[in-house]
Every structure is written in C-alpha cells, then in structure tokens.
Amino acid sequence: MSLKAIVTGGGSGIGLAAATALAAKGMTVACLDVNPPGEPFIGIKADVTDDAQVRAAIAEAADRLGGIDVLINNAGIGAQGTIEDNPDEEWRKVFDVNVFGMVRVARAALPYLRRSEHAAIVNTCSIAATAGLPNRALYSATKGAVMSLTLAMAADHVREGIRVNCVNPGTADTPWVARLLDAADDPEAERRALNARQPMGRLVSAEEVAAAIAYLAGPEAAATTGTVLAVDGGMHGLRLRPAT
Ligand SMILES: NC(=O)c1ccc[n+]([C@@H]2O[C@H](COP(=O)([O-])OP(=O)(O)OC[C@H]3O[C@@H](n4cnc5c(N)ncnc54)[C@H](O)[C@@H]3O)[C@@H](O)[C@H]2O)c1
C-alpha cells in the first residue's frame with residue numbers, strides 16, 4: 001500500500017524536491033501552495049496563513065489521496081535585517097507563515113495522521129535555528145520556534161504513533177536564494193560568500209535536503225522522533241582552521 005503525503009510549499013525549491021523524492025519512494029503526493037505544481041502531483045491552492053483555507057485544503061487532500069500518512073511542513077518565507085529593521089507587521093507576517101502556518105496545517109492533519117500506521121511529520125527548519133547569522137533576527141526567531149515546536153509535538157504525539165522530526169538546511173540552492181542573489185549589489189561576490197560560509201565550500205542542493213526529508217518521513221525511520229537533522233555542508237557542527 002502506498003503512503004499518502006502532503007507537502008506544503010510544494011510548488012518550488014525544497015518542497016518541490018521533497019515531493020519528487022517522496023513520489024520516487026512510491027508515495028502519492030499532494031502539494032499545498034499559494035502557487036501549486038501540476039502533474040504528477042495533486043496541486044491544491046492554499047495559503048497557510050488562512051485557517052479556513054488550510055482546513056478545506058487538508059480535507060480535500062485527504063479525500064483525493066484516500067487518507068494522510070505523511071505531512072511535510074515546508075512552506076516558509078524569509079526576512080532580512082536586525083531587530084531594528086523589521087516593523088511589527090512584518091514580524092507578525094513571517095511568524096504567521098513560518099510558525100503558525102505549520103501549526104494550522106498540522107492541527108488540521110492530525111485526525112487523519114492518527115488513523116495511519118506510518119504517521120510522520122517533517123518540519124523544514126534551518127541552520128538559522130542553531131547558529132547566529134547576521135541580519136536574520138526575525139527569520140531566525142521563527143526557525144528557533146519551529147525547532148522547539150518540533151520537539152514539543154514529538155512528545156505530544158509519540159504515544160499516538162505520530163513521529164515528528166525536522167531538517168535544518170544550510171543555504172540551499174533554490175529559487176529563494178536565487179532571488180536573494182539577484183537582489184545583492186554584487187551577486188557573484190554574495191554567492192562566493194555564501195559558498196565559503198559552509199565548510200564544504202558550496203551550497204546545499206534542494207535534492208540533498210529532500211533526501212533527508214524523505215528518509216525521516218519513511219517507515220525506515222520508524223524509531224526516530226524528536227530529532228533535528230542538519231543538511232548544511234557542516235555549517236553547524238564544524239569549526240575549521242582557515243584554508244592555507
Ligand atoms: N533555501 C535555503 O537556503 C533554505 C535554508 C534553510 C531553510 N529553508 C527553508 O526551506 C523552506 C522552503 O524554502 P525554499 O528555499 O524551497 O523556498 P522557495 O521560495 O523556493 O519555496 C517556498 C514555497 O512556499 C510557498 N509559500 C510561501 N508562502 C506560502 C503561504 N503563505 N502559503 C502556502 N505556500 C506558501 C511558495 O509559493 C513557494 O512555492 C522554507 O521553510 C525555508 O525557510 C530554506
């Protein structure tokens with residue numbers, strides 16, 4: 001029996017790569033996105049900041065898939081600046097998508113997940129949750145919240161047979177980062193700086209993050225819950241001496 005999966009933010013970047021990786025493992029996949037993809041996925045248009053839209057989208061996905069076994073909570077947006085740079089309205093907006101969005105989607109999916117034999121939630125967190133990055137105060141605060149939320153949800157639902165884990169990507173080569181580079185004064189210098197920040201000297205690919213998500217989502221990770229899997233080119237754990 002093939003597992004049924006939902007991926008939020010499945011229209012681009014890491015979400016689209018995760019949907020592709022889950023499908024390659026034999027899962028049937030519905031993507032919830034403000035800009036959803038088409039075939040081979042079930043694309044459902046929904047904004048994770050709107051609870052009514054989320055509930056309707058999850059019900060539609062469960063109906064079309066025939067249940068829900070796996071939820072990949074991945075939709076997210078960025079923000080740049082120190083705490084002096086972002087107005088309250090932007091703080092509310094980014095928390096609304098990155099944190100409350102995951103809560104809304106998971107809350108709506110839980111009744112279906114409880115009926116699954118292989119229930120798993122994977123949240124897309126970030127290196128920004130575990131390392132202090134300059135000019136990312138708001139974004140980092142949302143991802144710190146996602147990491148703590150992952151652990152709390154893992155505790156709340158372990159006895160219901162629902163596993164909850166997160167992946168922490170380093171800077172990944174997605175349309176999001178392409179937009180950041182396009183906006184930089186010197187995109188090539190910015191790309192070199194981002195590459196150099198990761199000990200492997202390169203960005204992580206969306207497919208590498210997706211492989212970690214697909215592992216945590218699958219039955220082979222059945223004993224794994226409440227973990228944080230870094231896919232960051234060594235950025236969190238390593239301290240290298242300067243190259244000579
Ligand atoms: N790219 C990176 O370097 C990087 C690093 C660490 C973590 N992440 C995280 O990975 C996730 C995906 O990022 P990405 O780089 O693939 O970005 P992306 O911009 O390529 O894709 C994000 C997707 O989310 C969708 N989305 C945005 N707001 C939404 C909303 N309100 N409702 C529904 N869908 C919405 C977008 O339409 C888009 O399809 C995010 O949670 C991000 O924080 C990215």
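**Exercise 1.** In this predicted model, determine which helix gives the largest share of the shell around the ligand, and then place the ligand relative to the domains.

*Solution.* Begin with the shell itself: its largest share comes from H5, which supplies four residues. Next, list the elements that contribute two or more residues to the shell, namely helix H1 (13–24), helix H4 (137–157) and helix H5 (175–183). Then turn to the domains: because domain 1 (4–169 + 204–231) and domain 2 (173–203) both give residues to the shell, the ligand lies between them. Finally, as regards the surface of the protein, the ligand sits in the largest pocket.

**Exercise 2.** Describe the composition of the shell around the ligand and identify polar contacts that the ligand makes.

*Solution.* The ligand is surrounded by 29 residues, the closest being Ser 12, Asp 33, Tyr 139, Ala 172 and Thr 174. By class, the residues of the shell comprise 14 nonpolar, 11 polar and four charged. For the polar contacts, apply the cut-off of 3.5 Å between N or O atoms. Ala 172 places a polar backbone atom 2.7 Å from an oxygen atom of the ligand, whereas Arg 179 uses an N or O atom of its side chain, which is 2.8 Å from an oxygen atom of the ligand. On the side of a ligand nitrogen atom, a polar side-chain atom of Asp 47 lies at 2.9 Å. As for burial, the ligand on its own has 830 Å² of accessible area, of which the protein covers 92%.

**Exercise 3.** Locate the cis peptide bond that involves Pro 40 and the residue other than glycine, Asn 135, that has a positive phi.

*Solution.* Recall that most peptide bonds are trans and that most residues other than glycine have a negative phi. The cis bond joins Glu 39 and Pro 40, with omega about 5 degrees, and Pro 40 belongs to the loop between strand E2 (28–33) and strand E3 (42–45). Asn 135, whose phi is near 60 degrees, is found in the loop between strand E5 (119–124) and H4.

Methods
Residues are numbered from 1 along each chain as its sequence is written. This is a predicted model: local features need pLDDT of at least 70, side-chain atom pairs count only at pLDDT 80 or more; totals for chains, interfaces and linings use all residues. Side-chain values use heavy atoms; hydrogens and water are left out. A residue is near a molecule or strand if one of its heavy atoms lies within 4 Å of it. A polar contact is a pair of N or O atoms within 3.5 Å; within protein, one must be able to donate a hydrogen and the other to accept it, and residues adjacent in sequence count only if both atoms are side-chain atoms. Accessible areas come from the Shrake-Rupley method with a 1.4 Å probe; for residues, only the protein chains shown count as cover. On a 1 Å grid over the protein atoms alone, a cavity is a set of points where a 1.4 Å probe fits but cannot get out, and a pocket is an open set with protein on both sides within 12 Å along at least five of seven lines; lining residues have an atom within 4 Å of a point. A molecule sits in a cavity or pocket if more than half of its atoms lie within 2 Å of its grid points. Ala, Val, Leu, Ile, Met, Phe, Trp, Tyr, Cys and Pro count as nonpolar, Asp, Glu, Lys and Arg as charged, and the others, Gly among them, as polar. Domain bounds come from an automatic or database domain assignment.
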